[in-house]
Amino acid sequence: MKMDTNINDMINEVIAVCNDLGHKNKLLDNKYILNKKDCHHVLKDLIRFLRSDNKTHFPVRTQLGTSDIVDNDLIPIVEQYCLEDIPLFDKILRLLIDLTNPVILLFRQTTPTDKSELQKFIELQEFLYLYKVSFGSHKRFWSVIAKHLTRIIELEAENRQVEDGLMFERILILIRNILHIPIDGQHMKAEVHTNPHDHLLQVLHSSGIADLILYLTNDDAHQEFCFHLIEIISLMFRDQSAEFIAKSVTNCQQNEQQRSDFEKEVDRKELKELKARDINNKIKVKPNLNRFNGTYSVKNMKSISDRDMICHKTPQDLTQLSFDVNKDIKRKNRFRKPMADESANKSAIGPQVIHKSTFTVRKILYDFCVDFITNSYNLFMKTIYENLSRNLNQENDETYYLWAIQFFMEFNRTNPKSSDSLLVTQTMTVTTFHFLTTQFERYIDFLKTQKENLSLWSKRLHYALKAYRELLFSMNWFSYNKDESIRSIAKQIKKYIFYEVEYRDLLLQLIGDYNESKMTKSYLKDLIETNHIFLKMLEHYYRSNTKIVVKEKIKKSKRKKSQKKKNDSKIPPEDVWNEIISIVSEALSGSLDLPSPQENVEIRAFDSISGKKIEEQKGDVMQRIHNFLYEKRVVEAVSLYRDARSCWAGDEDNAFGSQDILPEDELISLNEILMTDFPNEPSVEEVNNDEEIEEKDIEDNESRTQIREREIEFTEVINKYCRPNVITNYCLLLRHFDSNTDETNHCILKMLHRIAFDSKMHAMLCQVSLFRTLQRILSDPIRDSSALNELKKFAKFIVMKFVGIANKNKKVFMEIFFWKNCNEAYQVEEGYTESRGTKVAKQLWTEEQEHELTVLFEEYKDKCEGDKDYIDFILEHMIDDTKTRRQVIKQLKQQGLFIPLKAKRTSTKRSKNKSENPFDELRSDEESDEDMNDNLNTNYNNEEINHHLNEYNKDDNEVNDVNSEIVKSLEDEVSEDNDDNHNRDNEEISEKRENEKMKSKDSIDIYRKIKRKRLISDSSESSSDELPVLTIDELSTTDGIKRTIDDSDDEVVVKPKNKKRHLIIDDEEDE
């Protein structure tokens, strides 16, 4: 109640203040009588009221709109009193800007969902519409605005005040606000070709505002207002088509009743479509003249039971009877519903819905476009791009730049009178393509992260796509120009965008990322048409040049450099001293000139600004002298040595010697410094490199990526489109074939034809949803066009291919419910045992191959000759010679046929120091301890060894079982990693395996280690000169040993500190 009282008091105060401003005198032809004494205070109060207005009910703004203060008070005051009174004009200008601000800004830039707020939103929008009507009917108001603009423009830079600049910007903002007011459909008059926006454009043209805007776009002194100007221009051409303006005005007389041939053709197509749809609707909706409403039973059509189907109303068409009529409609989540097109982007009957203004308005816009492109386009667009590059813009300003690229380049291309393509060369550059690519990436990222503003970012993404589409159309237009210089520009740009993979695969990525819940159908339509023209240009470029040279990136694994090699290559200090001893003697004797510390900073011993302690600085000096001597910089070393002695001469125990030291003692002291092994500290160059570690880490991925050039075929580009997510989006747009234009249907058909015919992937199109669309196409008797006829032929082709596949593969009737990739589509047609050469295909085992492996195993399982075991014989007699030894062993384990190998295969890469002791040939823990006894050499005391082994088996039976499972899993991981991650660094893999093993069996390893050592120590009494034996179980606990996996020979390498041994987990593949 208190709030209502405050609102009423505020409204009464606003009414009283408005009455004090003035009134119209009906006796003097409605001349406005201004209260000159209090008008300035009244305007200030109104501005203050609007700023402090309630943010929920907006009582002040509502009262001002109800009293229509703009048409009744403010516009008459400007027309009659503000031509000379600049302060009064400035206050009214500020008040008008506040009143005409977009309503959505008052509601936190979102359309309200609350009922009361939505009602207030619509009410304020109604007031704005009335304001726009008032501004469009007062020509004198705009004449006053134009005179103030002209006055500020004519001022010299040194005479222009800050107030003049503010007034200049406020005038531009007021024009922008008025043009931005939307036109509601319910306010449209009976004449379709006229609306308040067109009246406003006529007034702006007749008052000279449009000419001033053109002048400002070509004026360097007002570049700071470039974004205001381009926004005003974009709002002037709102809901207009550049092609329609260019073709409908050209070669047309000034008579408004005379229409151009292009306009007649557009109207003729729309009328034909309307008649076809009207006939189709009449066929679908037949009047039910039978007034008898009864119940019918349909013969030969069973219901869910064994009885005939019952229909409770007179059926119109028996083919339309379905059990789905009474089912509940499955509603989609509102977040998954397809995004609706805006009124300006809807594709209704075919062409995009545009506003067709009268010929007078179209002629005004046509002349404006011609003057802007001829005199201002290149310079103005360059200025905007520079400001965008320097981040001098506000949010959303780049969309007006994108709109200008699309609109004016399309106007210049479609204008029959336009013959100079150089007028738009500022945006026909590789830089523009790069800018659009970055905008695509930015908008896609925001669509994925900012879910609350999906419509906003989707609209901006559509603007970028339209600009990119027009760039491709204009580039194609440039290619057929008569001027050789223009054709060369297009050729160079084509060569670059086809060369770079980022530009070549941009549209493919956008099609794959399409999401109907986040992007509109019109966006998908423009995207598919853009991709069509891009592929046509690429195909023409390929045919004319016979080859396409492209750049691609190759990632290579980066191996760590061995630190041992660096240490091994270090020269011994004794050799260095033998080389420099004569030079040191000459320097100490005074035969060589020594630099002074004042001349060279490197030989200064004491650094007063370093902040280090004296002892630390002495150590640093010793290190530097050592480095100088090792680098054979004798003169610098002697100079630094003597400077250090002089700096710390007062110390009792001076490490650099006393002041009266002899040259022979100096020589001995320098020798001691050189021979001293200082800790490894980085040199000056290494310190500088350490400061750049972060930069190198950032560039690490780039250093691993290599760039190469190669020639590609056009079919390689088409094969990239054979993806389920791409085909799905094409089929999604094909569902709307009846509302698509013929050009859109042709673009869809061409891509599906490329996939089915050129790439031989027609099995990818065998899908139920596509078949349903093709069924509708074949049964559409109304629409008759060339594109639809081609679609019908293509539908028959796909159905024939599907029937052919079904004759060979009966499972295709289940496959049609799923989208398939290339490999799956190939298997559907050629058989599930076939593949298109992938790595996975080599690892697959068919039933025939498994049976063959079983037979060969039964035949050769007991055969062993020399170094060959039964695995080797199986590999020699297998039909498929692509199977590796590791794959055969793995498959035998899966079939439960694998027998542990009794003899160790000799490796060609064994260590030369390998012992002949059979302990060095121990297998993994998969081999039982009983098999070890058979493999021991007779040089040992077999009874003693068997005694220890039996004791070990008795005590460690449970532990051995656990460890056997661990080793088996370790082998499987090694096998899988060798196939999938062949380029992974060997040391990283070994460390990972070692850590995993240690975590799982810490307690087990300690126990097993004790037992193993006891066994080895007992056996070593009979053979003391043999090398110690290492098993798989001791790898994780033995100090000084590191396990690695060598990719070349598929074996585990045990590396002690000074020796190298090989311990094979699985038998390696024949080389």
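Aromatic pairs, then: this structure, which is a predicted model, holds 36 of them.

Take one of these pairs, Phe 440 with Tyr 468. The two rings meet edge-to-face, with 5.9 Å from centre to centre and 75° between the planes. What does this pair tie together? Phe 440 belongs to helix α18, residues 430-449, and Tyr 468 to helix α19, residues 454-479, so the contact joins parts that are 28 residues apart in sequence. Both Phe 440 and Tyr 468 are buried.

The next pair is Phe 794 and Phe 797. Here the arrangement is tilted, at 6.4 Å centre to centre and 35° between the planes. Both residues sit in helix α36, residues 786-808, and three residues separate them in position, about one turn of the helix. Are these two rings buried or exposed? Phe 794 has 6% relative accessibility and therefore counts as buried. Phe 797 has 27%, so Phe 797 counts as partly exposed. The cut-off for buried is under 20%.

Now to a group of rings. Which residues do ring pairs link into a cluster? They are Phe 237, Phe 368, Phe 372, Tyr 377, Phe 380, Trp 403, Phe 407 and Phe 408.

Last, lysines over rings. Lys 760 places its charged end over the ring of Phe 757, 5.6 Å from the ring's centre. Where does Lys 883 lie? Lys 883 is over the face of Trp 845, and the distance to the ring centre is 4.7 Å.

Definitions and conventions. Residues numbered from 1 in each chain as written. Predicted model: local features only at pLDDT ≥ 70, side-chain atom pairs only at ≥ 80, totals over all residues. Heavy atoms only, no water. Phe/Tyr/Trp six-rings, centres within 6.5 Å; stacked < 30°, edge-to-face > 60°. Helix = DSSP H or I, 4+ residues; strand = E, 2+ residues; numbered from the N terminus. Buried < 20%, exposed > 50% of the residue type's maximum accessible area, 1.4 Å probe, protein only. Lys NZ or Arg CZ within 6 Å of the ring centre and 35° of its normal.
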